[in-house]
Amino acid sequence: MEPRAFLTQSRVLVVAGKGGVGKTTVTAALARLAADSGLKVLVVALDDSGALPSLFGADSSFSYDEQVVYESGAGSVVARVLTPDDALVEYLMDHGLKRVAKRLVQSGVLDVVATAIPGIREILVLGKVKQIERAGEYDLVLLDAPATGHAVRFLTSASGLLDAARGGPLRSQASDVIEMLHDPGRCQVLLVALPEETPVNELIETAYRFEDEVGVLLGPVVVNSCYEQLEGLSSEVGAAAALAGEELEAPVQAALGEAAAFRLGRQELQSAQLKRLKTELPLPELRLPHLFVAELGPEEVARLAAAIGSAVQGLDASELAAATRRAI
Ligand SMILES: Nc1ncnc2c1ncn2[C@@H]1O[C@H](COP(=O)(O)OP(=O)(O)O)[C@@H](O)[C@H]1O
Ligand SMILES: [Mg+2]
């Protein structure tokens, strides 16, 4: 499948997964790939922008104001932060309450309201995302979601509120959000995981929760930080060196032997987990390589974007369609 076709299947892509698995990194790489495919992309960071600025080579953290962070021919990436407070101010301003809006938020009234009406923060943010999606200014809106447990709660908040609010603007906001979440042509969730035991367990469990509780379509699973399979790791180091015409000192030989054993163990663990994931979660996969660098920046984002691009090329459109049918 062509990356552009893949990335325009739905206008909102929520990137979710356990903390530290690479959600922000994958969000940046997807944004880059989409912009390189000629799309206008908006990246929305919830709460704070985390590693996003450094992934785009920006020197300060992102804010409420939209900021162009990458341009490529017809495509571009714009980034912004969207907090519940921001969303509330905007909501009040849109509803003719401009003068009180800022003061209300500064006075901490949102905290009081949020305690009284669970789900209101999430609805304000998702309502804003829905408004951006509807406005159609961007071809793709990428949401760097909170860690999984929170993300499920985040997305189910709309139904909770719908049950609680009998009428009024909040109820219609909630039902609009639910409509967006349930429409695979408008919104999908991409789950990110690492090929390790606990993250795979959590991924399998939450995948079902997203489908059952939120009713949102799950796109392919992004398996991040996969180690490339190296051959010959079980060879005896001394013999392998001799074969290559090298003579190694004993400490070097021992260190290499240890490194090879470590990598072999890691590879075996990884293949076992990848196999388990395949049998227990029938979703297409996009595998991304582990990059051996101290800190990821725009260059690594470009490499990961290219890796997503070629993994997407290998995706079978009919397999994706089958996943779509199952989820709805
Ligand atoms: N493919 C990768 N190769 C190497 N390091 C990675 C890769 N993906 C993410 N990382 C690193 O892992 C850490 C967590 O990534 P991040 O995207 O911030 O995760 P999350 O947003 O899920 O918390 C960061 O230090 C990041 O640089
Ligand atoms: Mg993050």
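Contacts in the chain lean towards long range. Among those between residues at least 6 apart in sequence, 74% join residues at least 24 apart. The model is predicted. Its chain holds 14 helices and nine strands. Along the principal axes, the C-alpha trace spans about 80 × 45 × 40 Å. Of the 328 residues, 38% count as buried.

The largest nonpolar core has 89 residues. Within this core, V15, V41, V43, V44, L142, L143 and L191 touch the most other members. Helix α2 supplies the largest share of the core, eight residues. In soluble globular proteins, nonpolar side chains tend to be buried together. The surroundings of V41 were examined in detail. Beyond residues up to four places away in sequence, V41 touches A31, A34 and A35. V41 also touches S76, V77 and V78, and further along the chain Y138, D139, L140 and L142.

R32 lies in helix α2. R32 counts as buried because 28 C-beta neighbours fall inside 10 Å, where 20 or more are required. Neighbours within four places in sequence aside, R32 is in contact with Y70, V77, V301, A302 and A305. V77 is also among the residues touched by V41. R32 and L217 are 185 residues apart in sequence, and their C-alpha atoms are 23 Å apart in space.

Two of the contacts of R32, V301 and A305, are buried residues of helix α13. This helix covers residues 298–313, 16 residues in total. From first C-alpha to last, α13 reaches 22 Å, close to the 22 Å expected at 1.5 Å a residue. Its buried residues are V301, L304, A305, I308, G309 and V312. Seen down the axis of α13, these residues fall within an arc of 150 degrees, so they line one face of the helix. The face turned away from this buried side carries the exposed residues E299, S310 and Q313. The cover over the buried residues of α13 includes α1 (3–7), α2, α3 (52–55) and β9 (285–289).

Helix α10 shows a one-sided pattern too. It runs over residues 197–214 and has 18 residues. At 1.5 Å a residue, these should span 26 Å; the end C-alpha atoms are 25 Å apart, which agrees. The buried residues of α10 are P199, V200, L203, T206, A207, F210 and V214. Viewed along the helix axis, they fall within an arc of 135 degrees, so they line one face of α10. On the other side, E197, T198, E205, Y208 and D212 are exposed. G215 follows the helix, and its phi is positive, near 75 degrees.

Ligand 1 has 17 residues around it. Those that come nearest are G22, K23, T24, T25 and L291. Two elements, α2 (23–36) and β8 (221–226), give two or more residues to this shell. Helix α2 gives the most, with three residues. By class, the shell has six nonpolar, 10 polar and one charged residues.

Strand β8 also contains S225. Phi of S225 is near 60 degrees, a positive value in a residue other than glycine. S225 is partly exposed because 19 other C-beta atoms lie within 10 Å, and a buried residue needs 20 or more.

Two further positions were considered. R171 is placed in helix α9 (residues 168–182). With 16 other C-beta atoms within 10 Å, R171 is partly exposed. Apart from neighbours within four places in sequence, R171 is in contact with L162, A165 and R166. R171 and A250 are 79 residues apart along the chain, and their C-alpha atoms are separated by 72 Å.

H95 is found in the loop between α4 (84–94) and α5 (98–106). H95 is exposed because it has 10 other C-beta atoms within 10 Å, and 12 or fewer make a residue exposed. H95 and S10 are 85 residues apart in sequence and 29 Å apart in space, C-alpha to C-alpha.

Note on methods:
Residues numbered from 1 in each chain as written. Chains lettered and ligands numbered in written order. Predicted model: local features only at pLDDT ≥ 70, side-chain atom pairs only at ≥ 80, totals over all residues. Near = placed C-beta within 6 Å. Helix = DSSP H or I, 4+ residues; strand = E, 2+ residues; numbered from the N terminus. Nonpolar A, V, L, I, M, F, W, Y, C, P; charged D, E, K, R; others polar. Expected span 1.5 Å × (residues − 1). Arc of directions from axis to C-beta. Core = buried A, V, L, I, M, F, W, Y, C linked by C-beta atoms within 7 Å. Contact = placed C-beta atoms within 7 Å.
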